[in-house]
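Please open the structure in the viewer and keep the sequence at hand. The tour below proceeds selection by selection.

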Amino acid sequence: MSVQLEKFTVAYGPTIAVDAVTASFPAGTTGLLGPNGAGKSSLIKGLLGLVSVRSGRAAILEHDVATECRTIRRFVGYMPEDDCLIPGLTGLGLVRYAGELSGMPPQDAMQRAHEVLFAVGLGEARYRKVETYSQGMKQRIKLAQAIVHDPKLLFLDEPTSGMDPRGRQEMLDLIREISGRGAMSIVLATHILVDVERTCDRVVILTRGQVREDARIEDLRGEMASAFTVRIEGDRAAFESFLRGRGCEVRADDKQAFDVTLPARTPPNTLFAWAEEAGVVVRKLVPAIQTLEDVFVKRLEEEHRAHL
Amino acid sequence: MPIYDQAYKPWEGAFVTKPGTWWVIARTGVRTVWQKWLILLLIFSSFPFAVRAVQIYLNSRIGGDSQFESIAKQLEIHGGFFEGFLKGQGFMLVLVLVIAGAGLIARDRESRALSLYFSRPVEFRDYVGGKFLILAFYAGLITLVPALLLFVIQLFLTGDASFFREFYWIPFSILGAFAVSVAVLGGMMLAVSAAAGSRSAAVVFFAVLWFPEIIRNILSRIPAAGYFSVGANLRQILSVFFGTERPYDFSTAGAAGALAVYLGISLAVLRLRIRPTEVIR
């Protein structure tokens with residue numbers, strides 16, 4: 001396991017940012033997904049010892065966060081959400097400095113800084129002062145300083161924030177490439193669902209400091225495959241009630257059609273059999289949930305309803 | 001196998017733990033801080049050194065000559081000579097500390113770079129220690145190094161061991177005086193840099209140094225008012241190091257205590273202001 005959390009709580013005074021989270025992030029790429037203020041950044045900062053932990057336990061790469069923070073930081077890379085670049089240093093100087101601070105020998109840090117800057121696409125701009133960089137370049141240099149020491153675990157906090165579509169795509173490609181090349185696990189905190197879909201094997205959905213979903217992307221896609229939008233001819237209310245009786249989840253947001261989520265391992269053509277049984281005719285049957293975004297929105301709606 | 005591959009590659013080297021991240025911070029900081037103003041200041045502050053070196057030379061030439069007895073008396077080399085040199089460099093020391101130190105922590109705070117340090121194996125003591133060494137390096141260039149050099153020149157020009165036998169303690173006194181001055185002034189500069197912005201740090205530092213000095217001058221009839229002045233306390237302690245007459249009426253132990261309090265306050269401010277992440281409530 002890359003990260004293990006047990007009732008992990010981070011609070012700023014009376015405000016609880018991460019509320020007794022119990023979860024584990026296996027090796028690979030995990031997306032930490034949630035709206036703004038969900039506690040994603042606080043969770044990462046708590047794991048790195050950047051903010052104090054109220055209660056609970058956490059381990060990174062089998063090292064206890066409370067007692068072995070210094071050791072952990074040597075093997076972990078962190079790309080913060082903020083700009084956090086040291087003015088006065090060149091791109092090369094900054095990445096080299098970051099490498100040396102992580103414990104790399106000066107010569108290795110220098111050589112590696114060149115390599116990493118080329119890898120993130122800043123090879124030509126490496127002798128420029130970091131304060132002259134554009135937003136996209138700043139995101140890239142932040143990634144470079146986080147990976148210069150080839151960490152075993154990389155925390156990326158909103159890595160595509162402020163980037164144009166092309167830059168965003170390149171950044172996601174870069175993340176995919178890094179996770180594919182080495183033995184590095186990645187935790188990607190973002191509120192952009194597509195970023196998670198494109199880069200991660202697993203997703204942890206966080207809202208109001210609590211875990212709402214912790215699943216493999218593949219499994220979620222399975223869930224997506226069991227939801228359909230249906231339009232019928234006949235007594236719609238009776239058919240909805242009939243479906244609910246068969247264990248289906250029915251959502252009727254549209255006058256023309258309604259969404260049905262079938263029970264697990266129920267093939268879609270069962271709907272036709274049930275329609276015949278209920279005396280209605282199916283006029284339209286299409287997959288209802290097309291993206292992970294729908295799952296995310298659904299979880300948020302559930303969360304919202306629970307707090308009403 | 002590709003001839004040239006710019007893609008990400010794993011690193012297979014080994015980490016080193018010695019001498020520590022404070023050394024990395026100090027080394028990089030010394031290079032980054034080096035700028036035109038500082039170089040000019042360092043050149044300018046070498047003039048007093050040249051004058052003192054000439055004094056040593058003249059003393060070695062006419063010291064034993066009875067014809068120039070009164071002049072030789074004025075040129076005599078003793079503890080007070082070195083104390084005078086260090087006191088004379090005081091203003092330059094403050095300027096160097098301001099130019100090198102005003103932005104040291106303030107700029108890291110303003111650019112939110114502290115999380116970049118503290119997400120690595122860097123502790124508070126490494127960070128502050130590294131930043132302090134940057135100031136100590138530049139302060140040493142205008143105080144410690146020339147003072148020790150003057151001692152060596154004097155030894156060289158005397159040509160016998162009599163001076164060394166009599167004044168062997170002077171290098172230790174120079175070191176001690178340097179350590180106390182830089183610890184207090186450097187600590188205060190770092191604290192001000194952590195508390196104020198990079199643009200206002202210089203003004204705040206001058207205010208912290210000279211406002212109490214003005215108060216002390218106004219209340220000159222009350223000796224205890226001297227405890228509020230960093231400069232007065234430092235001058236009092238320097239006289240102890242060089243075995244010269246105390247410049248003020250207040251107690252030396254009290255002066256040492258006051259300096260310790262200044263240092264303590266500086267550390268407390270640093271503790272309070274150097275946080276890896278700002279919490280906005």
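## Chain A as a whole

Select chain A first: eleven helices and 14 strands are found in this chain. The model is a predicted one. Viewed along the principal axes, the C-alpha atoms of chain A occupy a box of roughly 80 × 45 × 30 Å. Chain A has 308 residues, of which 44% are buried. Among the contacts in chain A with a separation of 6 or more, 68% join residues 24 or more positions apart.

## The open sheet of chain A

Next, display the strands β2, β1, β4 and β5 of chain A, which form an open sheet of four strands in that order, with antiparallel pairing. At the edges are β2 (15-25) and β5 (63-64) of chain A, each of which pairs on one side only. Then narrow the selection to β1 (residues 3-12) and β4 (residues 53-60) of chain A, an antiparallel pair connected over six bridges. Which residue of β4(A) stands opposite T9(A)? Selecting S55(A) shows the partner in question. In general, the strands of a sheet pair through backbone hydrogen bonds, either parallel or antiparallel.

## L172(A) and its surroundings

Move to helix α6 of chain A and pick L172(A), which lies in this helix. Why does L172(A) count as buried? Its C-beta atom has 21 C-beta neighbours inside 10 Å, and L172(A) is therefore classed as buried. Beyond the neighbours within four places in sequence, the contacts of L172(A) are T160(A), D195(A), R198(A) and T199(A). For a distance check, add R212(A): this residue is 40 residues from L172(A) in sequence and 25 Å from L172(A) in space, C-alpha to C-alpha.

## Chain B and helix α9

Now select chain B, which has 15 helices and zero strands. The C-alpha trace of chain B spans about 85 × 55 × 30 Å along its principal axes. Of the 281 residues in chain B, 39% are buried. Residues 24 or more positions apart provide 75% of the contacts in chain B with a separation of 6 or more.

Within chain B, highlight helix α9 (residues 124-142), a helix of 19 residues. From first C-alpha to last, α9(B) reaches 28 Å, close to the 27 Å expected at 1.5 Å a residue. Buried residues in α9(B) include Y127(B), F132(B), L135(B), Y138(B) and I142(B). Centre the view on L135(B): leaving aside neighbours within four places in sequence, L135(B) is in contact with L97(B), A100(B), G101(B), V182(B), G186(B) and M189(B).

## The nonpolar cores

L135(B) also leads to the largest nonpolar core, which has 144 residues; V95(A), A144(A) and L135(B) touch the most other members. Helix α12 (residues 170-195) of chain B gives the most to this core, namely 13 residues. Apart from this core lies another, of 13 residues; select F228(A), I232(A), L262(A) and A275(A), which are among them.

## Where the chains meet

Finally, show both chains together: 40 residues from chain A and 31 residues from chain B make up the contact. On the side of chain A that touches chain B, at least two residues each come from α1 (40-48), α2 (69-75), α3 (91-101), α4 (106-119) and α6 (165-181) of chain A. Which helix supplies the largest share of this side? That helix is α4(A), with five residues. Colouring this side of chain A by class gives 19 nonpolar, eight polar and 13 charged residues.

Notes
Residues are numbered from 1 along each chain as its sequence is written. Chains are lettered from A and ligands numbered from 1 in the order in which they are written. This is a predicted model: local features need pLDDT of at least 70, side-chain atom pairs count only at pLDDT 80 or more; totals for chains, interfaces and linings use all residues. Two residues are in contact if their C-beta atoms, placed from the backbone, lie within 7 Å. Ala, Val, Leu, Ile, Met, Phe, Trp, Tyr, Cys and Pro count as nonpolar, Asp, Glu, Lys and Arg as charged, and the others, Gly among them, as polar. A nonpolar core is a set of buried Ala, Val, Leu, Ile, Met, Phe, Trp, Tyr and Cys residues joined through C-beta atoms within 7 Å. A residue is buried if 20 or more other C-beta atoms lie within 10 Å of its own, exposed if 12 or fewer, and partly exposed in between; C-beta atoms are placed from the backbone. Two strands pair if DSSP finds at least two bridges between them. The expected span of a helix is 1.5 Å times one less than its number of residues.
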